[in-house]
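Work through the exercises below with the sequence and the model at hand. Each task is followed by a stepwise solution.

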Amino acid sequence: MDRKPNALRISAADNVAVALSDIAAGAGVALAGEDGPVARDAIPFAHKVALEPIARGAAIRKYGVEIAFATVDVAAGDWVHQQNAKSYFMARREAREQ
Amino acid sequence: MILGYGRADGSKGIRNVLLSIHTVECSSFVSQQIAASDPRIHALGFPGCYSNEYAARLMTALATHPNAGGVLLVSLGCEGTDASAMANAIAASGRPVEVLRIQEAGGTENTIRAGRQAAARMLEEMERAPRVPMSVADLVVGTECGGSDATSGIAANPAVGRAFDLLVDAGATVIIEETLEMLGCAGIVAARGASAEVKRQLQAAVEKAEQFSLRIDQFSIAPGNHEGGLTTIEEKSMGAFAKCGTRPVEGVVKVAEKPPGKGLYVLDSVPDPSPFLFGYSNPNDSEGILDLISCGSHLVLFTTGRGSVIGSVISPVLKVCGNPKTYARMSGDMDVNAGRIVTGEATLDEVGREIFDLVVEVAAGKPAKAEALGHREYCIPYKTQELCANV
């Protein structure tokens, strides 16, 4: 593959990649050395795109660790942000406060 | 090959600097005037008159740093910090040390004259320091970030993490600071501990940082972070923690404590709970860099996105810039262009290797950009901390 990557998978264990530039909905996600999914949403620079389906409640992994969990079923190519992901830490705090 | 400077206490430095240390703000001008006589003299000190155990310990650790070959202590004469006790500790390390007391020496001009004569003698003696071969395994390397932006967690920080993995694999000691930037990640960070005891130390250090930040109301992920693509506090924290790579954490150290072994260590610079409540954790980037140097860092990797120009006294600071636009604007200050990761021109592994190679070159004598420009920033505030060894 000779085109420049437009997204970066930081750790091999990650199920999201970070956009290295704005990626339009419908455009292909290109990682270094491999093709990713087609973007289903617009992915702004530095935002995350799902590389594989992530079921509701499952972990979102970046830097090789669980940085959030999915609050709905996420499809490969979806923009991953506050509309479909939540902090474990904040969820635990909220549970304690209730 | 790295040709270092052998010290009488067995340590090996990559630079051979003379320190002129003021023990109170009242003697800072005289100390700076002594340092102005030769570029090999680095001036630093503590402004407070009331003695602070933390600051005295920090200055003693800096005065016995491997990169320091000799020390002038410039005292007014009536401040709380005990220059004689510091001088004894420095002399015990085998380094030449002299104390100048302005009140006894006869004021500004007489002290500057005496200080410059003493400095000339010590510099001559320091030039005779034996040159000893050093390998990467002899190096201690610290890392910190400042002036971060959306590229920091993508490019500069993980690239330094790759370099840290290479350094650890080569037998070096590496240190990451900023437990305050591990908020929300106590469990993730603790899981990196090499033993049950280290896991407990890490959990406690991050929880202390969480309590501290709650008290000073710095506990959140800001709207700007969300706009920049960060979804959770864990993600924000991990972007900073990515600087330390993936190897196990061998232990936690406090300011002025040397890591007892090789591998990756976490530096806890957050003030311990104290009745005085003084001491922000990192009042500025220079304070954090100096904390890393006080733990023996021969050099420091500083990552930035928005840009920074700082260096430090004692140890070279290498700046790794992850934002390609910032790099283009400020390339005269930047040592590594990690922005090539963002533009897709280089991989994290490639830039990590480049940082590792540059660490070796700078250890062997190549000046860092800030060093060549003459940057000598430092900051020593009042703070309260117990050493890990005492807890």
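**Exercise 1.** What percentage of the 98 residues of chain A count as buried?

*Solution.* This is a predicted model, in which local features need pLDDT of at least 70, side-chain atom pairs count only at pLDDT 80 or more, and totals for chains, interfaces and linings use all residues. Residues are numbered from 1 along each chain as its sequence is written, with chains lettered from A and ligands numbered from 1 in the order in which they are written. A residue is buried if 20 or more other C-beta atoms, placed from the backbone, lie within 10 Å of its own C-beta. In chain A, 43% of the 98 residues count as buried.

**Exercise 2.** Compare the radius of gyration of chain A with the globule rule.

*Solution.* The radius is taken over C-alpha atoms, and the rule is 2.2 Å times the number of residues to the power 0.38. For 98 residues a compact globule would have a value near 13 Å; chain A has 14 Å, which agrees.

**Exercise 3.** Place strand β9 of chain B among its partners.

*Solution.* Strands are DSSP runs of E, at least two residues long, and helices are runs of H or I, at least four, numbered from the N terminus. Strands pair if DSSP finds at least two bridges between them.

- β8(B) (residues 140-145) runs parallel to β9(B), joined by 4 bridges, and V140(B) stands opposite T173(B).
- β11(B) (residues 263-268) is also parallel to β9(B), with 4 bridges; here V174(B) faces L264(B).

**Exercise 4.** Which residues of β9(B) point one way, and which the other?

*Solution.* T173(B) and I175(B) point one way, V174(B) and I176(B) the other, and all are buried. In a regular strand the side chains alternate between the two faces of the sheet.

Key:
A residue is buried if 20 or more other C-beta atoms lie within 10 Å of its own, exposed if 12 or fewer, and partly exposed in between; C-beta atoms are placed from the backbone.
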